[in-house]
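Colleague: I am new to this structure and would like to learn how to read it feature by feature. Could you take me through it slowly, giving the general idea before each case?

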Amino acid sequence: MSEHQPDLTWRDGGIPVSTRFDDPYFSLDNGLAETQHVFLAGNDLPARFVPDFHIAELGFGTGLNLLTAWMAWDEAASEGQLRFTSFEAFPMAAADMELALKAFPELERYAKRLVAAYAEDPSLATLEGVNAQMVSGDARQTLKMMDFEADAWFLDGFSPAKNPELWDGDLIKQVGIHTKPGGSAATYTAAGFVRRNLAEAGFEVSRVSGFGRKRHMTRCWKVAT
């Protein structure tokens, strides 16, 4: 295994858990429903979809969030092509991704295309049907070199208590810089320091009802200047 691939254990027969961060890649209850609640509804999607809408993400993981957004885009019959840019420090092996995504039969036709393209080129340069890019490496270094402003952000790093690097002030400031005025961000965490960092990055921050057993989550909007 590459030193840059995650060390995994598997729970309940098919849920990958990072041994580095001691955290599952998606909800033990219902990962698809969690993504729909936190990242789609949290960013008012699909209602906000417009041609060539751009979603950016911290924490690509299994690709579940990409697949969920892609399916929602197709079901909304949106014009143009969805753009999705994701950052991942420890890209998963294609075989592990394929196994993890078997938990979501609703996404099967998208998952097959993702896994095949990812196995060929992890940057997703060959994936058809969605304009996706997976950027490997430490987002604290890679994001600031990118030239885009996203319409919405999925902030999906591992727990802030276990993976604080993906939630630090400098990185969240870059998230703000790379968000269009009036754009949004959502995350499953309601940790106080994360909400403060988002506010300092130029977002209006709200704490709202979380998914399942999580009482709260965070959604926010980039203040137009």
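Modeller: Let us begin with burial: a residue is called buried when its relative accessible area is under 20%, exposed when it is over 50%, and partly exposed in between, with a 1.4 Å probe and protein chains only. By that rule Trp153 is buried, with a relative accessible area of 0%, and of the 225 residues of the chain 52% count as buried. Please keep in mind that this is a predicted model, in which local features need pLDDT of at least 70 and side-chain atom pairs count only at pLDDT 80 or more, whereas totals for chains, interfaces and linings use all residues. Residues are numbered from 1 along each chain as its sequence is written, and side-chain values use heavy atoms, with hydrogens and water left out.

Colleague: How many helices and strands does the chain have?

Modeller: Helices (H or I, at least four residues) and strands (E, at least two) are DSSP runs, numbered from the N terminus. On that basis the chain comes to 7 helices and 10 strands. As for contacts, meaning heavy atoms within 4.5 Å, residues 24 or more positions apart account for 70% of those in the chain with a separation of 6 or more.

Colleague: Which strands pair with β5, and in what sense?

Modeller: Two strands pair if DSSP finds at least two bridges between them. Strand β4 (residues 54-58) pairs with β5 in the parallel sense over 5 bridges, and strand β6 (residues 131-136) pairs with β5, also in the parallel sense, over 6 bridges. Arg83 can be followed across both pairings, since this residue of β5 is the bridge partner of His54 and stands opposite Asn131 in β6. Strand β5 (residues 83-88) is itself mostly covered, with 5 of its 6 residues buried.

Colleague: Which handedness does the unit made by β4, helix α2 and β5 have?

Modeller: A crossover is right-handed if, with the strands pointing away from the viewer, the path from the first strand over the helix to the second runs clockwise. The β-α-β unit that β4, helix α2 (residues 64-75) and β5 make is right-handed.

Colleague: Where do the buried residues of helix α1 lie around its axis?

Modeller: An α-helix has 3.6 residues a turn, so residues three or four places apart point the same way. Helix α1 (residues 31-40) has 7 of its 10 residues buried, namely Gly31, Leu32, Glu34, Thr35, Val38, Phe39 and Leu40. They cover an arc of only 165 degrees around the axis, taken from the directions from the helix axis to the C-beta atoms, and this puts them on the same side of α1. What covers these residues includes α2, β7, β8 and β10 (216-222).

Colleague: How many salt bridges are there, and what do they join?

Modeller: Side chains of opposite charge can pair when their charged atoms come close. A salt bridge is counted when a side-chain nitrogen of Lys or Arg lies within 4 Å of a carboxyl oxygen of Asp or Glu, and the structure holds 4 of them. One of these joins Lys112 and Glu108, whose closest N and O atoms are 3.4 Å apart; the two residues are 4 residues apart in helix α4 (residues 108-120), and therefore separated by about one helical turn. Lys112 is exposed, at 56%, while Glu108 is partly exposed, at 43%.

Another joins Asp151 and Lys180, with the closest N and O atoms 3.1 Å apart. Asp151 lies in strand β7 (residues 150-155) and Lys180 in strand β8 (residues 179-187), so this pair ties together parts that are 29 residues apart in sequence. Asp151 counts as buried at 11% relative accessibility, whereas Lys180 is partly exposed at 33%.

Colleague: How many aromatic pairs does a search of the whole structure find?

Modeller: Rings of Phe, Tyr and Trp (its six-membered ring) pair if their centres lie within 6.5 Å, and planes under 30 degrees apart count as stacked, over 60 as edge-to-face and the rest as tilted. The search finds 10 pairs. In one of them the rings of Phe87 and Trp153 have their centres 6.4 Å apart and their planes at 20 degrees, so the pair is stacked. Phe87 lies in strand β5 and Trp153 in strand β7, so the pair ties together parts that are 66 residues apart in sequence. Phe87 is buried, with a relative accessible area of 2%.

Colleague: Why is the pair of Phe148 and Trp153 called tilted?

Modeller: The centres of their rings are 6.2 Å apart and the planes are at 35 degrees, so the pair of Phe148 and Trp153 is tilted. Phe148 is buried too, at 7%.
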